[in-house]
There are 2 protein chains.
Amino acid sequence: MVKIAIDMMGGDEAPDIVLEAVSKAVNDFKDLEVILFGNEEQCTLRHPRIEFRHCSEEIAMDDEPVRAIKRKKDSSMARMAEAVKNGEAAGCVSAGNTGALMSAGLFIVGRIKGVARPALVVTLPTTSGKGFVFMDVGANADAKAEHLLQYAQLGHIYAQKFRRIANPSIGLLNIGTEAAKGNSLTKNAYHLMSEQSEFNFAGNVEAKSLMEDAADVVVTDGYTGNMILKNLEGTAKSIGKMFKETLLSSFKNKIAGLLIKKDLQEVQTKMDYAEYGGSVLLGLDGIVVKAHGSSSAKAFYSAIRQAKIAVEERIVETMRETVGE
Amino acid sequence: MVKIAIDMMGGDEAPDIVLEAVSKAVNDFKDLEVILFGNEEQCTLRHPRIEFRHCSEEIAMDDEPVRAIKRKKDSSMARMAEAVKNGEAAGCVSAGNTGALMSAGLFIVGRIKGVARPALVVTLPTTSGKGFVFMDVGANADAKAEHLLQYAQLGHIYAQKFRRIANPSIGLLNIGTEAAKGNSLTKNAYHLMSEQSEFNFAGNVEAKSLMEDAADVVVTDGYTGNMILKNLEGTAKSIGKMFKETLLSSFKNKIAGLLIKKDLQEVQTKMDYAEYGGSVLLGLDGIVVKAHGSSSAKAFYSAIRQAKIAVEERIVETMRETVGE
């Protein structure tokens, strides 16, 4: 049995999509147990493997993260994190306020001893459909070279355990492929990564080749990572919008649109990174998964599955043994 | 008369595309004079308003920038920059090694007194077709908040003079729109920009809204700017590739492709940032324009026109008076 704590109240479409996803997950996985945290008046779900716990508060999407976690002790998110901290659950999932979830991870679940800073990890699509692990996408805006080195160590384990790549290649996001390229942070990080032999360092990776399977894991600081993540999303959306407008701009084009509709949807699915699961906060002493923002039930479901796999693959234990003190 | 110095030897397709562009430019603009620097054996162009100067060396795309400029004194790029320095030409254009051109700008043309660091500026497309000014895209990988403030001042003048926007909005690229968001650099820069009244500060701009006319000018450090520039290019290219593959994947889709071919090409043209001219190195005591990398004759031609407009609009003089000491 794997026990996962779930925040019923987080996300724009909560609790409906959360309940839909949890219902599907307990039916699909016979070895899954869930502790559901939220407002009991809104909980319509009854199942022998779901335990419900009422919480009197919830954290809003625009709450100030650290303050929300410190003050709203009886919020569904804080209590979900408590359940991981005290060992009742092996992992937790929320679609709520990302900053608050990171604070809950940091202040309630806590870091693995020896990990300087946790990193937020996503799996992003590539044109081949393979995808790559990208981190840090915003846990820490400022980072030092030693932090990037540790992100790489964490990402190495994540790719091995979660994506089942035996010897994942780890790239450093940079503005050129040559060793001497970059700002002072990436130059120092390049040096540190070249010197170690724990993981397969693939050198610098440029932002233009991210979608072309440049490396299995790409590491950067949280400021740059968050920027690139949003830029990828925004650019794909803007280009998609222009194509759509073109396909609606004349009768002739509408016919063309009908002809390729199904295949275009397939491309869109391939590019939809909710398909690859949620974001994981790595380096914590427990599994904390963030289901993607405007989460659908499908995205929340894959985040639950992701948390379950992470527990089964003993990702936290492995990180504690290899990266921790 | 406007006199522009041109590097005949720079770029992958040199000197052919350079000669084609220069020929068109002197025919289109009756008030344009050109000094052409290069290997005389390869120069097939004769025109009363073109003066040719033979150079015995050229700078390769993979030459180490600073060393190349310091050692290859008789290269077409170094001598072109000398012509600006000594006042023979009012501006210069090259499609060669970007780093070497920045070094030529910095070490030969020189900075405006009072400008701490020059910035590399591009105009990027937006889905509306309006476009925006983006800087620094790589002149300086590391920057301080005061540098970003000065980039904003330079960008303000550039947008006024070159894009003819009377009161351009200036945004700071950041990972959130709120004032407290970002790394230490952007937090400090936000503070400095909020306090001044020289330009219209539009606050933080997120990478996801860059293509949606978020601001007339968007300012960032050279590391982030270069990263975003390459990511925009790479993402657009990868998505384009996937669409193309879809349109070739079946007979039905090929027919659809034929129906929308012309309109898709229009979208592509709108997204082609070579259409918006080259990159300009702002903050130097003369106009230095970099025609885009895999330059076509059309792109080189628009870079020449851009240099000419910059001279006519007295961009350097205005920067000297307002930003300089």
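**Two chains, a sheet and a helix pair**

Tutor: Let us start with chain A of this predicted model, where the centres of domain 1 and domain 2, taken over C-alpha atoms, are separated by 25 Å.

Student: Which residues belong to each domain of chain A?

Tutor: Domain 1 of chain A is made of two stretches, 1-115 and 283-325, while domain 2 covers 118-274.

Student: And how many residues of the two domains are in contact?

Tutor: On the side of domain 1 of chain A there are 20 residues in contact, and they meet 15 residues of domain 2 of chain A.

Student: Staying in chain A, at what angle do helices H3 and H4 pack?

Tutor: Helix H3(A), residues 76-85, and helix H4(A), residues 98-109, pack at an angle of about 35°, and their axes are 9 Å apart. The crossing of these two helices is right-handed.

Student: Which residues make that contact?

Tutor: From H3(A) the contact residues include Met77(A), Ala78(A) and Met80(A), and from H4(A) they include Leu101(A), Ala104(A) and Ile108(A). Counted by class, the contact of H3(A) with H4(A) has 10 nonpolar residues and 2 charged ones, with no polar residues.

Student: New topic: what is the strand order of the sheet in chain B?

Tutor: It is an open sheet of 11 strands with mixed pairing, and the order in chain B is E3-E2-E1-E4-E11-E10-E5-E6-E9-E7-E8.

Student: Why is one side of E3 and of E8 left without a neighbour in the sheet?

Tutor: Strand E3 (50-54) and strand E8 (200-206) of chain B stand at the edges and each has a single partner strand, so each has one side without a neighbour in the sheet. On average, direction ignored, neighbouring strands of this sheet are turned by 25° against each other.

Student: In what sense do E10 and E11 pair?

Tutor: Strand E10(B), residues 279-282, and strand E11(B), residues 287-290, pair in the antiparallel sense over 2 bridges, and Val280(B) stands opposite Val289(B) in E11(B).

Student: Which strands does helix H6 of chain B lie across?

Tutor: Helix H6(B), residues 184-195, lies across E7(B), E8(B) and E9(B), and it runs at about 165° to E7(B).

Student: Last thing: what turn lays chain B on chain A?

Tutor: A turn of 180° with a shift of 0.0 Å along the axis lays chain B on chain A, with an RMSD of 0.0 Å, and that is the relation of a two-fold axis. In chain B, the C-alpha nearest the axis belongs to Ala256(B), 2.1 Å from it. The same surface serves both copies, as 100% of the contact residues of chain B recur in chain A.

Terms used: Residues are numbered from 1 along each chain as its sequence is written. Chains are lettered from A and ligands numbered from 1 in the order in which they are written. This is a predicted model: local features need pLDDT of at least 70, side-chain atom pairs count only at pLDDT 80 or more; totals for chains, interfaces and linings use all residues. Side-chain values use heavy atoms; hydrogens and water are left out. Copies are superposed by least squares on the C-alpha atoms of residues with pLDDT of at least 70 in both. Contact means heavy atoms within 4.5 Å. Two strands pair if DSSP finds at least two bridges between them. Helices (H or I, at least four residues) and strands (E, at least two) are DSSP runs, numbered from the N terminus. Axes are lines fitted to C-alpha atoms, for helices over the stretch in contact, and angles run from 0 to 180 degrees between N-to-C directions. A crossing is left-handed if the near helix is turned anticlockwise from the far one by less than a right angle, and right-handed if clockwise. Ala, Val, Leu, Ile, Met, Phe, Trp, Tyr, Cys and Pro count as nonpolar, Asp, Glu, Lys and Arg as charged, and the others, Gly among them, as polar. Domain bounds come from an automatic or database domain assignment.
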